[in-house]
Amino acid sequence: MYDNHYGLSGRPFQLTPDAKFWYETATHRKAMAYLGYGLAQGEGFIVITGDIGAGKTTLMGHLTDGIDPAHLNVIQIVSTAIEADDLLRIVATGLAVDPKGLAKAQLLTAIERGLHAVARSARRTLLIVDEAQALPVSALEELRMLSNFQAGGHALLQIVLLGQPEFRDRLHGSDRLEQLRQRVIAIHHLDPMEEHEVADYIAHRLSIVGWQGRPDFAVDAFEALYRGSGGVPRRLNLLAGRVMLHAAIEDLDLIDASVVRAVLRDLAADLPLVTIEADPAPLPIAAATEPAAEEEPRRFTPRTDRWLNIVNNEAPEDVPEPETSTIVSERLAALEARVDEQDAALRRVLTLLVDWVESDRTDAAGIADQADYAPIRRGTAWGDAA
């Protein structure tokens with residue numbers, strides 16, 4: 001393994017989320033601000049979305065590491081299409097309630113009692129649900145009902161929903177989720193990291209495992225890493241790990257763009273995507289009398305072709321698209337238009353929320369200071385008040 005070859009204490013680019021490798025990109029900093037604001041409200045739903053591998057789970061691991069269990073009782077659920085009743089039983093178990101043999105009405109009563117018991121210990125309960133896009137509407141409705149439990153005018157349960165982009169679209173577009181949508185007090189979408197953040201991200205993760213400058217990285221290596229991963233943390237970890245392994249095998253002390261491109265070529269060959277065969281276009285009628293040279297249909301892998309252009313430092317080719325019927329084209333255009341409309345509407349909502357947060361200078365000052373996340377640190381005034 002490359003970690004032994006370079007004298008590292010562990011694997012810096014493992015794919016399993018680990019909060020100790022937390023690195024705060026601009027989009028993660030903004031997500032933490034919204035989480036801090038949402039937790040300070042102590043009610044409703046906080047929604048964090050992002051593409052696969054964007055760092056949602058690592059973000060929540062960083063958040064929960066800073067939460068004092070003496071002030072906040074955290075229940076975490078990784079959803080895999082859990083039905084409503086099963087979801088309630090998991091929540092009950094997180095409240096130290098035995099759900100065995102309880103009917104739904106009894107189960108809800110037991111959950112409410114469990115929430116009151118937590119509140120009597122001067123704590124609040126935070127429920128974190130990962131992979132929320134897999135939850136059926138019935139389960140989301142049960143979560144909304146649980147958020148209604150309160151005592152003395154204060155909510156007993158606050159909920160964080162983590163999901164892929166389709167959950168954001170679903171939340172916006174489903175009439176059945178209108179009531180839940182009205183309870184969302186903070187929402188943020190995790191974007192890929194920027195190109196200029198890649199070098200610091202790589203150096204940070206290496207420093208956690210005792211990196212002493214071997215192997216070193218040329219400046220152009222970071223551009224190649226960014227272009228090869230698109231700035232998505234998990235993709236970047238996968239690529240960087242393979243680059244380190246390649247460097248160890250070749251006994252390299254310097255990693256430059258050529259090394260990254262070589263690894264990308266290997267990845268393109270080792271992990272081929274679905275190959276699409278483009279049918280040759282029919283000849284125009286006017287040219288039907290002319291002899292046509294026989295040519296086999298081109299077989300190509302769009303993303304692999306794009307990777308090979310990147311690793312060879314070339315401009316992307318215009319790859320011919322397979323012909324589609326008019327009906328399919330029209331449906332695709334309509335779908336793209338709808339997605340654009342939904343994205344624009346969500347951005348307007350997010351802009352309004354940002355304006356609302358920034359309008360209250362006193363509250364915003366505490367949220368905007370990312371050097372010290374006051375709402376989630378142990379022993380803070382917020383924690384004591386919770």
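Visitor: Which residues form one aromatic cluster with Trp211?
Guide: This is a predicted model. One aromatic cluster takes in Trp211 and two phenylalanines, namely Phe217 and Phe222.

Visitor: How do the rings of tryptophan 211 and phenylalanine 217 pair: stacked or edge-to-face?
Guide: Their centres are 6.4 Å apart, and the planes meet at 70°. Planes over 60 degrees apart count as edge-to-face. So the pair of tryptophan 211 and phenylalanine 217 is classed by that cut-off as edge-to-face.

Visitor: Is phenylalanine 217 buried or exposed?
Guide: Buried means under 20% relative accessible area. Phenylalanine 217 has 12% relative accessibility, so it counts as buried.

Visitor: What does tryptophan 211 count as?
Guide: The band between 20% and 50% is partly exposed. Tryptophan 211 has 23% relative accessibility, so it counts as partly exposed.

Visitor: How many aromatic pairs does a search of the whole structure find?
Guide: The search covers the whole structure. The number of aromatic pairs it finds is three.

Visitor: How many residues apart are tyrosine 23 and tyrosine 201?
Guide: These two tyrosines form an edge-to-face pair, 5.8 Å centre to centre. Tyrosine 23 sits in the loop between helix H1 and helix H2, and tyrosine 201 sits in helix H9. The pair links distant parts of the chain, with a separation of 178 residues.

Visitor: How many salt bridges are there?
Guide: A salt bridge needs a side-chain nitrogen of Lys or Arg within 4 Å of a carboxyl oxygen of Asp or Glu. By this rule the count is six.

Visitor: Which parts does the salt bridge of lysine 104 and glutamate 142 tie together?
Guide: The closest N and O atoms of lysine 104 and glutamate 142 are 2.3 Å apart. Lysine 104 lies in one helix and glutamate 142 in another, so the bridge ties together parts 38 residues apart in sequence: helix H5 and helix H6.

Visitor: Is glutamate 142 buried or exposed?
Guide: Lysine 104 is partly exposed, at 40% relative accessible area. Glutamate 142 has 10% relative accessibility, so it counts as buried.

Visitor: Which residues are linked with Arg214 in a network of salt bridges?
Guide: Arginine 214 forms a salt bridge with aspartate 251, with 3.9 Å between the closest N and O atoms. Arginine 214 also meets aspartate 253, at 2.8 Å from N to O. The network therefore links Arg214 with Asp251 and Asp253.

Terms used:
Residues numbered from 1 in each chain as written. Predicted model: local features only at pLDDT ≥ 70, side-chain atom pairs only at ≥ 80, totals over all residues. Heavy atoms only, no water. Phe/Tyr/Trp six-rings, centres within 6.5 Å; stacked < 30°, edge-to-face > 60°. Helix = DSSP H or I, 4+ residues; strand = E, 2+ residues; numbered from the N terminus. Buried < 20%, exposed > 50% of the residue type's maximum accessible area, 1.4 Å probe, protein only.
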